[in-house]
Structures are given as structure tokens and as C-alpha cells.
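User: Please walk me through this structure. I will ask about burial, the core and the largest pocket.

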Amino acid sequence: MTCQHQGKSYWVSYDPKQKLFRSGDPDGGSRFRVKRDQVDSDGILVWVGAQMMGGERDLLAFFGNDTKWLRHFYGNGSQVMHRCQ
């Protein structure tokens, strides 16, 4: 899927068979660890740990049939949602 945030576009993909999450977002981390996924008739929801400088950030991605989004969770309790297609 293709996501946008602050005028930038990037791609995100997930293979549920191989449990492989990938992203072309330079701000989203470079290594990913799939913590959990859920596949049902609405789509795929996947919780990922993204390696960042000195730590890990949680990401939650929804690859839905109608709706697609990616949420970034930060250590201070805030979160940012990116809309995707």
C-alpha cells in the first residue's frame, strides 16, 4: 500500500505467510519485527516493532479491503496516523 504524511509518499507491504513487514519510509525505521497479526475478512492488522535510533517504536498497520492506514506510537504516549491507499 502507499501511504502519505506531511506531503511525502512511501510504500508499506506485509506478507502474512512469511510474517515479513517492509516499508520504504525513511523515518519509519529500517528493521522490523512482527509482534502479532490478525487476518480476517476485513483485511490484515499487523503490530510491528520498528528499530529506531537507540530503541524500538511500535507500528500498527491495517491493510483493509476498504480502509488502509498506519499508526506510529511514540514513547511519550502520542501517536500519528498515516492514511494509505
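Analyst: Start with a definition: buried means under 20% relative accessible area, exposed over 50%, and partly exposed in between (1.4 Å probe, protein chains only). This is a predicted model, where local features need pLDDT of at least 70, side-chain atom pairs count only at pLDDT 80 or more, and totals for chains, interfaces and linings use all residues. Residues are numbered from 1 along each chain as its sequence is written, and side-chain values use heavy atoms, with hydrogens and water left out.

User: Is Cys84 buried or exposed?

Analyst: Cys84 lies in strand E8, strands (E, at least two residues) being DSSP runs numbered from the N terminus. Contact means heavy atoms within 4.5 Å. Beyond four places in sequence, Cys84 contacts Met1, Thr2, Cys3, Lys68, Trp69 and Leu70. Its relative accessible area is 12%, so Cys84 is buried.

User: Which strand gives the largest share of the largest nonpolar core?

Analyst: A nonpolar core is a set of buried Ala, Val, Leu, Ile, Met, Phe, Trp, Tyr and Cys residues joined through side-chain atoms within 4.5 Å. Among its 15 residues, Val12, Phe21, Phe63 and Leu70 touch the most other members. Strands E2 (8-15), E5 (43-52) and E6 (55-64) each give two or more residues. The largest share, four residues, comes from E5.

User: Which strand supplies the largest share of the lining of the largest pocket?

Analyst: Of the 14 lining residues, His5, Lys8, Asp25, Asp27 and His82 are the closest to the pocket's centre. E2 and E8 (79-84) each supply at least two lining residues. The largest share, three residues, comes from E2.

How values were computed: On a 1 Å grid over the protein atoms alone, a cavity is a set of points where a 1.4 Å probe fits but cannot get out, and a pocket is an open set with protein on both sides within 12 Å along at least five of seven lines; lining residues have an atom within 4 Å of a point.
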